[in-house]
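Here is a small set of exercises to work through with the model open beside you. Try each task before you read its solution.

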Amino acid sequence: MKKVLFLVVLLSTMVFANERVLVNVLKNVSIPNVQTAIDNAKILQKDTNAQNFTNFLKSWKKVEALYFAGDIDENYADIPRYIDIFNNLKEDLGSQMKRVVESKDDAKVALFKNSFKTINALEYVLFNDKDISKREKELSVVILDSIIAHLENVKKVYEIYVATPTKDEKWENSLVINTLIASSYRLKEWRIGNSSGNAGKFKNDPKNERAEYFLSQNSFEAIDAILEAHKQIVEKNKYYDFASYAMDKGASIELLTVIEKIKQTQEELKKLKKDDFINAGALFNSAKDLHNAYYLSLIGQLSVTGKILDADGD
């Protein structure tokens with residue numbers, strides 16, 4: 001009896017020891033999030049209405065905020081830009097998509113550029129006016145076909161890695177925290193600071209038109225979805241997760257600070273009129289505090305090296 005009990009305890013210890021944060025995050029968060037985005041994209045294809053666009057957008061933002069595939073397999077590093085080119089395009093997408101909509105070319109021919117098959121291009125097609133024409137419907141189906149194909153590839157990358165992890169745990173844990181740091185930086189600078197006039201690039205020059213989803217008025221929805229994605233990582237789950245790892249490293253206080261700053265940022269978002277960044281100074285400061293909680297506090301306690309962040313790109 002004692003021998004059997006010893007074997008059970010030993011096996012339990014071995015299972016717990018083999019728990020890996022990234023693998024569990026991919027299995028319980030990333031893969032389900034990608035599948036939801038795929039499902040919502042297909043729903044939008046069948047019924048191109050505003051609510052379905054919002055649902056798809058929010059599910060995509062969760063995938064984008066926690067994008068690990070490019071580091072797992074460098075062949076997929078550019079996939080986010082094939083789906084979403086916010087703050088990464090120097091040309092006027094709106095004027096180009098206007099010509100695409102007015103073109104008589106077959107939809108697949110007209111959408112010949114990668115930027116024409118992004119969620120940003122899709123937003124123009126669906127929200128450039130009050131009606132969705134037959135032509136715009138055809139274009140949206142082709143755009144979403146492209147996005148779905150990319151998402152399917154991302155899902156495969158995650159599934160393959162879950163089955164056979166190829167990196168060591170130190171690298172994996174570093175990837176998780178640095179992904180959160182990069183996401184929080186883009187949140188405060190690109191998605192809040194540039195529109196509210198709080199970021200250096202547009203200091204004291206607020207303009208709602210700079211918002212990520214100005215045409216569809218979904219910029220606040222995108223911000224909230226990103227914050228919800230962060231909560232999926234930092235809040236405690238039933239499996240061995242990032243929170244478990246942080247607590248094991250003695251970073252409980254720093255982790256609680258991160259969680260509090262996420263909630264605070266969501267509360268500040270609720271105080272503002274929908275997609276109005278003119279008075280979003282408190283929202284920016286809260287997002288800044290969240291970024292600093294990751295970049296200056298949590299990462300130090302975890303003894304992980306932070307990546308250098310580029311102000312204008314990835």
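## Exercise 1: The overall fold

Of the 314 residues in this protein, 51% count as buried. Keep in mind that you are working with a predicted model.

**Task.** Find out which secondary structure elements the protein contains, and compare its radius of gyration with that of a compact globule.

**Solution.**

Step 1. Begin with the elements: there are 14 helices and 0 strands. Read from the N terminus, the order is α-α-α-α-α-α-α-α-α-α-α-α-α-α.

Step 2. Turn to the size. The C-alpha atoms fill a box of roughly 80 × 40 × 30 Å along the principal axes.

Step 3. For 314 residues, a compact globule would have a radius of gyration near 20 Å, and the 21 Å of the protein agrees with that.

Step 4. Now look at the contacts. Among those with a separation of 6 or more, 76% join residues that are 24 or more positions apart.

Step 5. Finish with the surface: the protein exposes about 15200 Å², and carbon and sulfur atoms supply 52% of this area.

## Exercise 2: Charges and salt bridges

**Task.** Count the charged side chains, then work out where the partners of three salt bridges sit: Glu159 with Lys155, Glu228 with Lys231, and Asp289 with Lys261.

**Solution.**

Step 1. The count gives 44 positive and 45 negative side chains, and the centres of the two sets are 2 Å apart. Searching the whole structure turns up 18 salt bridges.

Step 2. Take Glu159 and Lys155, whose closest N and O atoms are 3.9 Å apart. Both belong to helix α9 (residues 134–163), and because they are 4 residues apart, about one helical turn separates them. Glu159 is partly exposed at 36% relative accessible area, while Lys155 counts as buried at 17%.

Step 3. Move on to Glu228 and Lys231, with 3.3 Å between the closest N and O atoms. These two are 3 residues apart in helix α11 (residues 219–234), so about one helical turn lies between them. Glu228 has a relative accessible area of 27% and is partly exposed; Lys231, with 18%, is buried.

Step 4. Next comes the salt bridge of Asp289 with Lys261, where the closest N and O atoms are 4.0 Å apart. Asp289 is in helix α14 (residues 281–301) and Lys261 in helix α13 (residues 252–270), so this pair ties together parts that are 28 residues apart in sequence. With a relative accessible area of 32%, Asp289 is partly exposed.

Step 5. Salt bridges can also join up: Lys61, Glu64, Asp84, Arg191 and Glu212 are linked in a network of them.

## Exercise 3: Two residues with 0% accessibility

**Task.** Locate Glu172 and Ala37, and list what each is in contact with, leaving aside neighbours within four places in sequence.

**Solution.**

Step 1. Glu172 is found in helix α10 (residues 169–196). Its relative accessibility is 0%, and Glu172 therefore counts as buried, the cut-off being under 20%.

Step 2. Beyond those sequence neighbours, Glu172 is in contact with Arg20, Leu22, Val23, Tyr161, Pro165 and Lys167.

Step 3. Ala37 belongs to helix α2 (residues 21–46). Ala37 is buried, with a relative accessible area of 0%.

Step 4. With the same neighbours set aside, the contacts of Ala37 are Phe56, Ser59, Trp60, Val63 and Leu151.

Step 5. For a sense of distance, pick Ala37 and Gln217: 180 residues separate them in sequence, and their C-alpha atoms are 19 Å apart in space.

## Exercise 4: Positive phi in the loops

**Task.** Inspect the backbone at Asn87 and Asp275. Where does each residue lie, and is each one buried or exposed?

**Solution.**

Step 1. Recall the background: most residues other than glycine have a negative phi.

Step 2. Asn87 has a phi near 65°, a positive value in a residue other than glycine. Asn87 sits in the loop between α5 (79–83) and α6 (93–102), and is buried with a relative accessible area of 19%.

Step 3. Asp275 is not a glycine either, yet its phi is positive, at about 55°. The loop between α13 and α14 holds Asp275, which is buried with 4% relative accessible area.

Technical notes: Residues numbered from 1 in each chain as written. Predicted model: local features only at pLDDT ≥ 70, side-chain atom pairs only at ≥ 80, totals over all residues. Heavy atoms only, no water. Rg over C-alpha atoms; globule rule 2.2 N^0.38 Å. Buried < 20%, exposed > 50% of the residue type's maximum accessible area, 1.4 Å probe, protein only. Contact = heavy atoms within 4.5 Å. Areas by Shrake-Rupley, 256 points an atom, 1.4 Å probe, with all protein chains shown as cover. Lys, Arg positive; Asp, Glu negative; His and termini not counted. Charge placed at Lys NZ, Arg CZ, Asp CG, Glu CD. Salt bridge = Lys/Arg side-chain N within 4 Å of Asp/Glu carboxyl O.
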